[in-house]
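Biologist: Could you walk me through this structure, one question at a time? I am new to this, so please show me how you get to each answer.

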Amino acid sequence: MAVYRSVRNLDWTMILVALALAGLGILQIYSATIDTAWRSAWWKQVLFLCAGFVLMWIMARIDYHNMLGHVPALYAASLGLLMLTPLVGSLVWGSKRWIPLGFGFKFQPSEFVKLVIVLLVARYLAELRSDRLEGRDLLKLGLLVGIPCGLVAMQPDLGTSLTYVPVLLAGLFFGGIRWQHVLVIAAVAALLMPVGWFMLKDYQKARLETFLDPMRDPMGKGYQVIQSKIAVGAGGIWGRGVTRGSQTQLRFLPVAHTDFLISAFAEEHGFVGILVVFGLYFLLLMQIAQNAQAAPDRAGMFICMGVCSLLLFHLLVNAGMAVGRMPVTGIPLPLMSYGGSSMLSVFMMLGLVNNVRLRRFAA
Amino acid sequence: MRYLRAEKEPDLAPGRPFFRDEAKFAAGKIAAFQYFTLAVFIYLLLGYWDLQVLNEEFYLEKAQQNQIKSLPILAPRGKILDRDGRVIVDNHESYRLILSRDNLRPAHLRPIALGLNIDPAELEAKVHRYRNQPTYFAIPLKEELSPDELAFVEAFRGANGFPELELIKSQYRVYPKDGLAAHLLGYVGEISDAELNSPEWAHHNPGDLIGKAGVERYYNDQLSGIDGQRQVRVDNRMNTREVLGVKEAIPGRNLKLTIDLDLQVVAELAMEGKRGAVVALDPRSGDVLALVSRPAFDPNRFASRISAREFSELVQDPYRPLFNRALQAQLAPGSTFKPIMALAALETGAIDDSFTVHCSGGATWYGRYFKCHRRGGHGTVNLKTAIAQSCDVFFYAVGNRLGIDTIASYAELVGLGAKTGIDLPGEKEGVVPSSKWKIRTQREKWYAGETISVAIGQGALTVTPIQLAYAIGGIANGGVFMRPHVVRPEQPEPPVRKAGFDAENVRKVVDGMCAVVNGWGTAAASRIPGIEMCGKTGTAQLASNELLRLKNSEDWHDNAWFVGFAPGTNPEIVVAVLWENGAHGDMAAPIARDVIKAYFDKKARMQKLAQPPASLAAAWLTPPGAGKENR
């Protein structure tokens with residue numbers, strides 16, 4: 001049987017869409033940082049893109065079944081790195097998320113742990129060999145995902161820790177959770193909400209409060225959301241043009257090259273630009289789901305849908321917060337926001353999807 | 001542990017259904033997930049549609065408001081000059097300190113207050129007052145920082161110290177020291193909420209500096225100029241990126257007063273340590289040459305944002321330093337009213353030249369004994385000697401002949417009981433009692449016995465120093481009354497009133513007043529050699545209810561008045577002096593004498609300077625050739 005594992009058998013539709021998005025991202029990073037201290041960010045992002053591309057190929061080459069075989073070791077290493085981060089991490093904006101690597105590069109373990117979570121969920125659920133999940137499986141898997149989740153939340157980086165949850169939820173959905181369990185989980189979550197409120201840090205509470213009512217403190221906590229909405233709205237249908245958005249260029253928009261890149265993009269390219277970007281993202285997600293449909297086994301399907309749900313969550317939270325439809329969390333927009341760790345981890349995830357695709361006829 | 005693909009190891013365990021490891025089972029769920037993804041995208045797109053398509057204009061305007069700011073260019077306030085163009089009030093540039101509330105930390109308040117010599121409790125109260133304002137409203141902390149305060153701010157400003165401190169350059173008024181002309185000049189201050197709501201200041205904005213008193217207030221519009229504006233494009237740190245347009249500030253106009261700084265200084269020095277007022281007018285034009293009120297305050301304290309404690313000290317001071325006595329002290333004129341009585345009597349024909357009265361130290365009118373101030377009496381007095389020696393008994397008789405309503409009509413004719421209309425705020429009217437006045441205010445009829453008190457400037461009669469100078473100046477000027485002013489009007493004003501007094505009658509009154517100083521009158525000690533100064537002393541008793549209020553025995557002394565002018569015919573200067581609790585009018589006369597002497601000394605000096613130079617100097621100064629043409 002022919003083995004379709006050459007470069008031309010990669011999912012080029014998905015890759016080209018991803019490259020287009022990354023390209024738009026680099027353009028926007030260039031425009032948003034043109035006369036700031038970050039003006040070298042765009043070519044760094046080009047380097048990250050190239051590195052990501054290589055990593056994607058590597059991730060596609062190693063049989064994902066082998067990777068699944070190493071999940072315990074990967075999981076242990078992840079926990080180790082996450083526990084190491086608070087010890088050696090560099091403090092940025094009040095939290096320790098990065099491990100310095102030298103030469104000005106920093107490494108964000110929590111971004112790469114996403115991959116391990118995807119593999120972990122896939123392996124656990126595939127090994128169950130059942131279409132129905134028992135209560136103890138739920139608890140075990142919940143605990144396995146919950147530990148790294150908690151470690152990241154303590155950095156504190158609630159946003160990134162929350163990105164692990166949709167992988168788990170998607171896994172449970174596809175793994176066959178019972179509706180009775182869904183009800184129980186929902187009830188427990190509803191009960192824990194008030195308790196969780198007291199466990200949130202003050203700034204996290206403030207962010208939630210601000211999400212509910214941004215005008216309560218327009219120059220303080222609500223500032224980011226208000227400025228982001230102004231940027232998006234001022235873009236109009238056709239946009240203000242590259243390097244011509246006043247909100248972005250005069251820096252009223254905070255962190256316009258990372259977390260609020262989509263707002264800067266919306267200001268300079270308008271609703272039309274947003275339609276294009278969302279169209280590309282939709283194509284990307286559908287292509288990943290398509291690969292899940294064609295997966296040779298359950299594990300492959302879980303991997304693809306884990307990646308798919310994770311990217312969807314990123315997109316929803318990041319693009320939603322820019323228009324005030326989601327609370328402010330420091331989650332980057334996949335492929336577009338400036339940031340090496342994010343770029344590399346997304347391309348590695350796409351590598352995983354390609355990995356599954358390349359082995360779809362293996363039986 | 002190695003992961004094993006399921007199909008290589010078919011699961012045949014009992015109790016479990018047949019299981020095939022393939023993805024097909026999830027096809028339906030994946031489709032459901034795809035629809036869910038579509039829903040998420042629609043949700044997000046609706047958010048962008050709402051902002052970018054439906055509300056584009058709203059947010060475009062917000063973006064414009066963000067970046068385009070109008071920054072005020074403060075117009076420098078006009079200087080205030082004296083009649084010779086000497087600067088009395090100037091501006092200087094200094095720093096003001098504001099407390100930005102965006103990054104205010106409550107723990108910093110105490111060290112900041114201590115470093116800047118502010119009462120920490122007062123600062124905390126101030127911060128508390130602002131709690132309901134948006135945080136970008138900064139709190140003005142202190143103006144006119146002293147060098148050590150500036151050093152404190154420079155040392156601790158910035159992210160590592162007190163990031164809430166911000167310095168702003170601005171202009172301040174410089175007033176003369178020691179309260180010289182303080183009441184005349186007034187002071188400036190930030191417009192208050194009450195003033196903002198009044199129509200007078202309708203076109204002003206919060207935070208504007210306006211004149212609060214004196215000339216600063218009356219001529220605020222001329223002095224303040226018009227602030228300019230700079231439209232700029234700014235970034236989020238308010239750094240200017242681009243200047244879009246500039247409207248230059250129009251500086252305030254310099255204001256030339258009619259005040260003569262030389263006379264003002266003489267009058268101020270003469271009043272040093274006393275309570276009272278001095279007003280010097282030119283009766284021919286109404287020019288105010290000097291206007292003093294003591295005790296005074298230091299207007300410079302107001303320029304640098306006076307503290308609440310300091311202000312309440314000024315307000316609660318029993319001697320009321322903020323009170324402009326020259327315009328606002330309404331007191332019984334005492335004997336200085338007698339020239340007006342004399343003129344009224346002559347004009348109405350109530351007395352003639354042969355009218356004499358025998359003074360034995362007092363007389364009984366309407367069942368009450370009225371004393372003369374000289375116990376032994378003046379003997380037989382005529383009009384001239386009665387004025388010169390200030391014989392009360394003579395004027396009791398005159399007052400009795402005239403009746404209260406005739407006295408009142410003449411008092412009003414010379415300007416008492418009404419504002420003189422001087423171009424300064426807060427002037428008071430005083431009181432000219434009459435039978436109508438008594439019915440109106442006290443619902444009682446006038447008793448003839450009260451007329452006797454009014455005849456010597458006591459009773460209900462009250463005047464202000466400026467009124468007295470205006471009235472006596474107008475009489476001495478032949479009945480032509482000019483509105484007093486500290487700034488000469490653009491168009492020469494017609495007289496307020498031409499009373500049409502008989503020149504002969506005026507001369508008789510003036511003769512009497514000349515005798516006060518130059519004869520054997522009550523102010524003979526204040527004679528100036530070579531200058532014909534005329535005047536009238538006054539010793540006014542305080543009303544008995546006032547006595548009760550004042551505990552200090554020195555405050556029980558009578559008020560001393562003097563009003564004088566020179567020369568006797570066509571007078572050039574009239575001076576009214578009030579010395580509160582100065583005991584006797586002859587104590588006030590030297591003050592007027594000093595001012596009048598200073599006036600004529602200066603006049604002589606200026607004439608000497610204006611004289612053609614002596615021949616040798618002329619030869620030096622004449623340009624070569626000029627002389628030949630003349631020949």
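Modeller: Gladly! Let us begin with strand E21 of chain B: B:Ile573, B:Val575, B:Val577 and B:Trp579 point one way from it, B:Val574, B:Ala576 and B:Leu578 point the other way, and all are buried. Keep in mind that this is a predicted model.

Biologist: How many of the seven residues of E21(B) are buried?
Modeller: A residue counts as buried if 20 or more other C-beta atoms lie within 10 Å of its own. The residues pointing one way from E21(B) and those pointing the other way are all buried. The strand is therefore largely enclosed by the rest of the structure, and the count of buried residues in E21(B) is seven of seven.

Biologist: In which order do the strands of the five-stranded open sheet of chain B lie?
Modeller: We can build the order from the pairs. E11(B) pairs with E21(B) in the antiparallel sense over six bridges, and seven bridges join E20(B) to E21(B), also antiparallel. Another six bridges link E11(B) to E12(B). With E19 added, the order in chain B is E12-E11-E21-E20-E19.

Biologist: Which strands are the edge strands of that sheet?
Modeller: The order to look at is E12-E11-E21-E20-E19 in chain B. An edge strand pairs on one side only, and here those strands are E12 (288–294) and E19 (534–540) of chain B.

Biologist: By how many degrees are neighbouring strands of this sheet turned against each other on average?
Modeller: The pairing in this sheet of chain B is antiparallel. Direction is ignored when this average is taken, and the value is 5°.

Biologist: Which residue is the bridge partner of B:Ala280 in E21(B)?
Modeller: Let us follow the bridges across the sheet. In E12(B), the residue opposite B:Val278 is B:Val292, and in E21(B) the bridge partner of B:Ala566 is B:Ile573. For B:Ala280, the partner in E21(B) is B:Val575.

Biologist: In the hairpin of E20(B) and E21(B), which residue takes a positive phi?
Modeller: Strand E20 covers residues 559–566 of chain B, and E21 covers residues 573–579. Six residues sit between the two strands, and the one with a positive phi, near 45°, is B:Asn570.

Biologist: Which helix lies across E11, E20 and E21 of chain B?
Modeller: E21(B) pairs with E11(B) and with E20(B). The helix across these three strands spans residues 465–476 and runs at about 150° to E21(B); its name is H20 of chain B.

Biologist: What is the average twist from one strand to the next in the three-stranded open sheet of chain B?
Modeller: That sheet has the order E1-E8-E9, with antiparallel pairing. Its edge strands are E1 (68–73) and E9 (240–247) of chain B. Six bridges join E8(B) to E9(B), and among the facing residues, B:Gln231 stands opposite B:Gly245. From one strand to the next, the twist averages 30°.

Biologist: Is A:Ala153 buried or exposed?
Modeller: This residue belongs to helix H6 (residues 135–153) of chain A. Leaving aside neighbours within four places in sequence, A:Ala153 is in contact with A:Leu158 and A:Ser161. Because 21 other C-beta atoms lie within 10 Å, A:Ala153 is buried.

Biologist: Which element gives the most to the side of chain A that touches chain B?
Modeller: The contact takes 48 residues from chain A and 44 residues from chain B. The elements giving two or more residues on the chain A side include H3 (64–69), H7 (158–175) and H12 (261–293). By class, that side has 27 nonpolar, 13 polar and eight charged residues. With eleven residues, the element that gives the most is H12(A).

Biologist: Where in chain B does pLDDT stay under 50?
Modeller: Chain B averages a pLDDT of 85, and 89% of its residues score at least 70. Where pLDDT is low, the predicted coordinates should not be read in detail. The stretch under 50, for which the model has one contact beyond four places in sequence, is residues 627–631 of chain B.

Biologist: In chain A, which element has the highest confidence?
Modeller: The mean pLDDT of chain A is 88, and 93% of its residues reach 70 or more. Confidence in chain A is lowest in strand E1 (residues 90–92), at a mean of 69, and highest, at 96, in H12(A).

Conventions
Residues are numbered from 1 along each chain as its sequence is written. Chains are lettered from A and ligands numbered from 1 in the order in which they are written. This is a predicted model: local features need pLDDT of at least 70, side-chain atom pairs count only at pLDDT 80 or more; totals for chains, interfaces and linings use all residues. Two residues are in contact if their C-beta atoms, placed from the backbone, lie within 7 Å. Helices (H or I, at least four residues) and strands (E, at least two) are DSSP runs, numbered from the N terminus. Ala, Val, Leu, Ile, Met, Phe, Trp, Tyr, Cys and Pro count as nonpolar, Asp, Glu, Lys and Arg as charged, and the others, Gly among them, as polar. pLDDT is the predictor's confidence in each residue, from 0 to 100. Two strands pair if DSSP finds at least two bridges between them. Axes are lines fitted to C-alpha atoms, for helices over the stretch in contact, and angles run from 0 to 180 degrees between N-to-C directions. A residue is buried if 20 or more other C-beta atoms lie within 10 Å of its own, exposed if 12 or fewer, and partly exposed in between; C-beta atoms are placed from the backbone.
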